[in-house]
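Good morning, colleagues. Please take a moment to look at the sequence and the structure before I begin.

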Amino acid sequence: KPREDLEQLLTEGSSEIKVSDLGELVPTAKTAFGINFNQLGSLAKDVIGKSDADVVLVVGGNHAAALPLYYLPGRVVRADAHGDAYVLNSPMLKRAVSGGTYMHFVKEMGLKTSPDVFNVGVKYHNAQSPNGGAFGKLVSTAQLLNHQKLPQTTLFDIDLDVLREVYRLPHGHSTSDLTAEDLSSLIIRLKPKVVGLFECVGRYGRIPENIVSAYPNVFDPICEAVAAVAVTRSRANQQILQASSATYR
C-alpha cells in the first residue's frame, strides 16, 4: 500500500514520468549474525543497474535497510538526526547491523570513505563512539543548498526522524529540525540517482499501511521533488545520448 501511494504521488508530481515498481529486495541467505547484506548489496546493484530508471525511490522501515544501497558507487548525502555509527564497547554491537550501527559497517566494510559521506541534521551524539557516532562530514542544510560545487550524489539517504516534531510522525524517536521542504530542496539541488526514505514505521517497528497517505505534508513535497528530478535527469540523459549519436555519425 505505501508503494502504491508513492506511485500515485509521483505520477501526480509530473505528467512526463512513467513509474515502475522494481519490487522488494528479499534476502535468501543468512550469515552467523543475521541478514546477508553482501547478498542484498549485490541485488541492489543488479536491480538498479539493470533498470532504465532515471531516479529510484526506496521506502523502508528500520534504517539498516539502507545498507545495501551503500554498495552502489558514488557519494552519499544522509539526512538524519543520528549518525548511526553508534558502536560501543560491546562484542555483540560490533557484529550486529541495526538502524543505529549500519554506518559503522559502511565504514568497516569499506563501502565508502569519510569524504564520500555528508551528514545533515545530526543532533544526537555519543561520546563513547568515534566522532560522536557519525561517519563522514557534518554539514548544514544551508551549506549544501548554497555550495557552488555540490558532491555528485548517488544516494540521498533520509531518516524521517530528521524532521521537526511538529510533523508528528509515528516512529516515536527523537527528531532534528528539518522541514519536508528542506528535504525536497535538497533533492532538487543534489539530483540523486537514488532517494531512500527510512524509518517509515510506527512505534512497534512495522510500516503502517497508511504511512504515506496519512502524512501528505511529508510525502507530497518529497515525491514532487523526486518527480521533478526524474524529468531533469531524463532530459540530461537524452541530451547525452543525442550528443553521443552525433559524435559517432
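Which helix supplies the largest share of the lining of the second largest pocket? Before I answer, please note that this is a predicted model. The answer is helix 6, which contributes 4 residues to that lining.

Let me stay with this pocket for a moment. The second largest pocket holds about 280 Å³ of space. Its lining is made up of 14 residues. Nearest the centre of the pocket lie Gln152, Thr153, Leu190, Lys191 and Arg233. Three elements each supply at least two residues of the lining: strand 7 (153-159), helix 5 (180-190) and helix 6 (216-247). As for chemical character, the lining residues divide into 4 nonpolar, 6 polar and 4 charged.

I turn next to the sheet. In what order do the 6 strands of the open sheet stand? The order is 3-8-7-4-5-6, and the pairing is parallel. At the edges are strand 3 and strand 6 (137-139), each of which pairs on one side only. From one strand to the next, the twist averages 20°. As general background, the strands of a sheet pair through backbone hydrogen bonds, either parallel or antiparallel. At one edge of this sheet, strand 3 runs parallel to strand 8 (residues 194-198), and 4 bridges join the two. Within this region, valine 59 stands opposite leucine 197 of strand 8.

My third topic is aromatic contact. The count comes to 1 aromatic pair. The partners are tyrosine 70 and tyrosine 102, whose ring centres are 5.9 Å apart; their planes meet at 70°, so the pair is edge-to-face. An angle over 60 degrees is what places a pair in that class. The contact links distant parts of the chain, since the two residues are 32 residues apart. Tyrosine 70 belongs to the loop between strand 3 (56-59) and strand 4 (75-79), whereas tyrosine 102 belongs to helix 3 (residues 102-108). Are these two tyrosines buried or exposed? Tyrosine 70 is buried, with a relative accessible area of 0%, and tyrosine 102 is likewise buried, with a relative accessible area of 0%.

Finally, I should like to consider aspartate 46, a residue of helix 2 (residues 37-50). Aspartate 46 has a relative accessible area of 34% and is therefore partly exposed, as that class lies between 20% and 50%. Between the C-alpha atoms of aspartate 46 and glycine 34 there is a separation of 22 Å, with the two residues 12 residues apart along the chain.

Thank you for your attention.

Methods
Residues are numbered from 1 along each chain as its sequence is written. This is a predicted model: local features need pLDDT of at least 70, side-chain atom pairs count only at pLDDT 80 or more; totals for chains, interfaces and linings use all residues. Side-chain values use heavy atoms; hydrogens and water are left out. On a 1 Å grid over the protein atoms alone, a cavity is a set of points where a 1.4 Å probe fits but cannot get out, and a pocket is an open set with protein on both sides within 12 Å along at least five of seven lines; lining residues have an atom within 4 Å of a point. Grid points are joined across faces, edges and corners, and a volume is the space filled by probe spheres set on the points. Ala, Val, Leu, Ile, Met, Phe, Trp, Tyr, Cys and Pro count as nonpolar, Asp, Glu, Lys and Arg as charged, and the others, Gly among them, as polar. Rings of Phe, Tyr and Trp (its six-membered ring) pair if their centres lie within 6.5 Å; planes under 30 degrees apart count as stacked, over 60 as edge-to-face and the rest as tilted. Buried means under 20% relative accessible area, exposed over 50%, partly exposed in between (1.4 Å probe, protein chains only). Two strands pair if DSSP finds at least two bridges between them. Axes are lines fitted to C-alpha atoms, for helices over the stretch in contact, and angles run from 0 to 180 degrees between N-to-C directions.
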